[in-house]
Amino acid sequence: MSTVNQTWDSGLAPVSGVGVQPVAPNWYAVHTRARHEKVVAQRLQEGGLITFLPLVTEIRRWSDRKKSVEFPLFGCYVFVRLAPTSEERLRVLKIDSVLNFVGIRGQGTPIPDLQIDAVRTLIEERLPWSTHPFLKIGQRVRIRSGALNGMEGVLVSRNGDRTLVLSVDAIQRSLAVRIEGYDVEPL
């Protein structure tokens, strides 16, 4: 009777006492030093990691000339796709100008592929865009323009529409008003 020992690198990591579990790669945001995003992305790629640095082009004007300049859409951040293991994180953290992973205790919070794909599509298709304050459903906001200027309430979404819920706390009653098209800021 003969036996053959073979080992295969399957991309699976053992979990103590359970056997083998897959370690799926995820996107993570890495916080970098200011104006070091391109260098960090290049060094991560040279290390064999998949990166995404969304760049936008803007015409910059000086007193004597105009020039087309590429700059990061999200300053001080580079996205990297890796398996969430200590070794992979350490590979990233050893890169000069990398400050830390974005997330709880520097471990990094996985970013859904859909969000990265949405940003990638926006950049590749050269769709018009503008920056906007980050707003979450359930967050208190203030309207900054139009007939509702100065009004505060809680942002909700109903059937995909952004709605502001105005509450009168003393009588425990609320009204909902649709705020599509209004300029809204977080409180």
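**Figure 1. Confidence along the predicted chain.** The protein chain has a mean pLDDT of 82, with 79% of its residues at 70 or more; pLDDT is the predictor's confidence in each residue, from 0 to 100. This is a predicted model, in which local features need pLDDT of at least 70 and side-chain atom pairs count only at pLDDT 80 or more, whereas totals for chains, interfaces and linings use all residues. Residues are numbered from 1 along each chain as its sequence is written, and side-chain values use heavy atoms, with hydrogens and water left out. Among the elements of the chain, helix H1 (residues 37-46) has the highest mean pLDDT, 97, and strand S1 (residues 12-15) the lowest, 47; helices (H or I, at least four residues) and strands (E, at least two) are DSSP runs, numbered from the N terminus. Over residues 1-17 pLDDT stays under 50, and for this stretch the model has 11 contacts beyond four places in sequence, a contact being heavy atoms within 4.5 Å.

**Figure 2. Aromatic cluster of Phe52, Phe74 and Phe79.** The count of aromatic pairs comes to 3, where rings of Phe, Tyr and Trp (its six-membered ring) pair if their centres lie within 6.5 Å, and planes under 30 degrees apart count as stacked, over 60 as edge-to-face and the rest as tilted. Phe52 and Phe79 form a stacked pair, 6.0 Å centre to centre with 25 degrees between the planes. This pair links distant parts of the chain, 27 residues apart, with Phe52 in strand S4 (residues 50-52) and Phe79 in strand S7. Phe74 and Phe79 form an edge-to-face pair, at 6.1 Å centre to centre and 90 degrees between the planes. Phe79 is buried at a relative accessible area of 10%, whereas Phe74, at 34%, is partly exposed; buried means under 20% relative accessible area, exposed over 50%, and partly exposed in between (1.4 Å probe, protein chains only).

**Figure 3. Two residues with positive phi.** Most residues other than glycine have a negative phi. Cys76, however, has a positive phi near 70 degrees, and its place is in the loop between strand S6 (66-72) and strand S7 (77-82). Ser97 likewise has a positive phi, of about 75 degrees; Ser97 is found in the loop between helix H2 (86-93) and strand S8 (98-101) and counts as buried at 13% relative accessibility.
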